[in-house]
Every structure is written in C-alpha cells, then in structure tokens.
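Open your viewer and get ready to select residues by number. We will go through this protein one stop at a time.

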Amino acid sequence: MSDSEKRIALLIDADNAPAAKIDEVLAEVARFGVANVRRAYGNWKSPRLKGWEAVLHEYAIRPIQQFAYSKGKNASDMAMVIDAMDLLYARNLDGFAIVSSDADFTPLVMRLLTDGVKVYGFGEKKTPDPFVNACSQFTYLEALGQEDAGRAAADAGQPGHGDVAAGAPVAPGGAQPPIQPRPGNELRGDTRLLNLLRGAVDAAADEQGWAALSAVGNQIGNRASFDSRNYGYRKLSDLLAAIGLFELKKDDKSTQVRVLPKKAAKAAKAGAA
C-alpha cells in the first residue's frame, strides 16, 4: 500500500494544542497518508477554545464535546483514549496522528504501537520527553512551516528564521518563535543524537562505510522518534552537514553519507572550535 492510500486518524487534544498550527499539521499528516478521521476533543463551552471554532469548519474536523466533570481535571484525555482504542479495534486504520503536548498520552502511544500501527506525534517544545520518544515520529509544532516563513521573510527583505539572533522576541500574537538551527558544537555535544546517527549510518553502510541517506533515514525511523526539523534543520542531510562529523556526497540519483574517520573528525572539531 502506498503512503497516499494509508488511512490515518487525526486526534487533537484541543486543550493542549494551538489552533493556529492545524494547517501545517494536516500538511504533514498528508505526507504519511489520508486523515480520513479528524476529531478534536475539548469542552467547547470553554472560552479557551474559542480560537478553534473557525478552524473546525474550515478543515472538516469533528468536535467532540467533553464536559469537565471534576474541577482541574482534563476529561478530554479519557474520551480521546477511548475513541483511539475503538478505532484501533475496528482494524481499518494504518496510523494515528496525535496532537497534544500532554505526556499523559504516552501509554496510549505505546499501546497503539504494539498493534503495528504508526503513531505520529505533534506538540510544542514543552512536550515531555517520554511522549516525544514514544512516538514513531514526533515533530515540534514550532518546527512546522519554518521553510515557508523563511521564504516569506526573504521576499519581504527581512531576515529569515535562520538569521534571528538569540534572545529575539516572541513572534507577534503570542505565537511560539520558530526553532533556531542548533550550532555544530552544541549538536556534537548531544551524545544521544550522535549515537543515533552514527548507529544508523553504520547499520546501512557498505564495505567502504558509505550508506544511502534514504537507508539511514529508514534506520533512524526504526530506532527512535526523530525529525531533523526539531533541531532547526529542514533535511537530514542539512543536520548531518552541520554536525561536521559526517561526510556527504551527492550524485544525480542519491546522496551518500559516512562517518568521518577519527582523525578527520578530530580535525573537523578543531577547525570548528
């Protein structure tokens, strides 16, 4: 079955997700399949969800009303979990897209994965690591739409997201600022990231140590929740190049990557210092 034929349930925790990003979320979900189930959960009598009203109609998202039976408790979580399990047992879906920054959904994600379906998570950078790491792929909402934002800024003669200085003000309207590309020295200090990338390259490499970038991406997808945009880089190749510990070569058909030999890697680190 091709990706365009895969069926995905989009479940939104409206209490813990911004309505302004739903267009980018749907565009991202479309890369994996068709969101033939679209539901958003919340207490729609609450003024906090006012911003969702127009979005629900525009994108054909079904609102699921859930009253807050106990003060301070989010009853939407339970309703969303019950619906997810009903959908799973119906056996007519290939994946789930869960939009929330709430780590309480981590057990749900782990349960869905045991049935062999993919789970694509979307949430703000404040999302706790257990939820992020449990998903087949997790993408920070701040990372979505950055390419378009940068292009629009360039067309207007303004600096793009890659040119914003550290400590720049929050975007207008209270929106979260885009994720800035992490510098090479910071990336090289991320042991978990380096181990993941090196392990994926080694697993896909030929006798000369070269691996097809597409195969490396598949290896990473099978090992961990990963999206290069969460580090501020649009493509995996851009991230690898920024780290400075990998060598890339391109031809007309594909991109190849290998881990730099220790001496070359040491020289690259010294040159970047």
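A residue counts as buried under 20% relative accessible area, as exposed over 50%, and as partly exposed in between. With a relative accessible area of 24%, Ala212 is therefore partly exposed. Keep that scale in mind, and remember that the model you are looking at is predicted.

**The whole chain**

Start with everything shown as a cartoon. The protein chain has eleven helices and nine strands. It holds 273 residues, of which 45% count as buried. Now think about contacts between residues with a separation of 6 or more: 62% of these join residues 24 or more positions apart.

**Stop 1: helix H1**

Select residues 22–29, which form helix H1. Which residues of H1 are buried? They are Ile22, Val25, Leu26, Glu28 and Val29. Turn the view until you look along the helix: these residues cover an arc of only 160 degrees around the axis, which puts them on the same side of H1.

Next, show what they pack against. The partners are strands E1 (7–13), E2 (34–42), E4 (95–99), E5 (118–123) and E6 (137–140), together with helix H2 (53–58).

**Stop 2: helix H10**

Move on to residues 236–243, helix H10. Color Leu236, Ser237, Leu239, Leu240 and Ile243, the buried residues here. Look down the axis of H10 and you will find them within an arc of 160 degrees, so they line one face of the helix. Their cover includes helix H7 (184–188), H8, H9, E8 and strand E9 (255–259).

Just after H10, click on Gly244, which takes a positive phi of about 85 degrees.

**Stop 3: H10 with H9**

Keep H10 on screen and add helix H9, residues 213–223. At what angle do the axes of H9 and H10 cross? They cross at roughly 90 degrees and come within 11 Å. That makes H9 roughly perpendicular to H10.

Show side chains to see who meets whom: Leu213, Val216, Gly217 and Ile220 of H9 face Leu236, Ser237 and Leu240 of H10 in this contact. Five of the contact residues are nonpolar, two are polar and none is charged.

**Stop 4: H10 with H8**

Swap H9 for helix H8, residues 191–204. The axes of H8 and H10 are 12 Å apart, and the two helices pack at an angle of about 115 degrees. Their crossing is left-handed. From H8, select Leu193, Leu194 and Leu197; from H10, select Leu236, Leu239, Leu240 and Ile243. This contact has seven nonpolar residues, no polar and no charged ones.

**Stop 5: Leu248 in strand E8**

Select residues 246–250, strand E8, and pick out Leu248. Is Leu248 buried or partly exposed? Its relative accessibility is 27%, so Leu248 counts as partly exposed.

Leaving aside residues up to four places away in sequence, Leu248 touches Trp210, Ser237, Leu240, Ala241, Thr255, Gln256 and Val257. Try the distance tool too: from the C-alpha of Leu248 to that of Asp238 is 10.0 Å, and the two are ten residues apart in sequence.

**Stop 6: back to Ala212**

Finish at strand E7, residues 211–212, where Ala212 lies. Beyond residues up to four places away in sequence, Ala212 touches Thr255 and Gln256. For a last distance, pick the C-alpha atoms of Ala212 and Ser254: they are separated by 7.1 Å, although the residues are 42 apart along the chain.

Terms used: Residues are numbered from 1 along each chain as its sequence is written. This is a predicted model: local features need pLDDT of at least 70, side-chain atom pairs count only at pLDDT 80 or more; totals for chains, interfaces and linings use all residues. Side-chain values use heavy atoms; hydrogens and water are left out. Axes are lines fitted to C-alpha atoms, for helices over the stretch in contact, and angles run from 0 to 180 degrees between N-to-C directions. Helices (H or I, at least four residues) and strands (E, at least two) are DSSP runs, numbered from the N terminus. Angles under 35 degrees count as roughly parallel, over 145 as roughly antiparallel, 65 to 115 as roughly perpendicular and the rest as oblique. Contact means heavy atoms within 4.5 Å. Ala, Val, Leu, Ile, Met, Phe, Trp, Tyr, Cys and Pro count as nonpolar, Asp, Glu, Lys and Arg as charged, and the others, Gly among them, as polar. A crossing is left-handed if the near helix is turned anticlockwise from the far one by less than a right angle, and right-handed if clockwise. Buried means under 20% relative accessible area, exposed over 50%, partly exposed in between (1.4 Å probe, protein chains only). The arc is that of the directions from the helix axis to the C-beta atoms.
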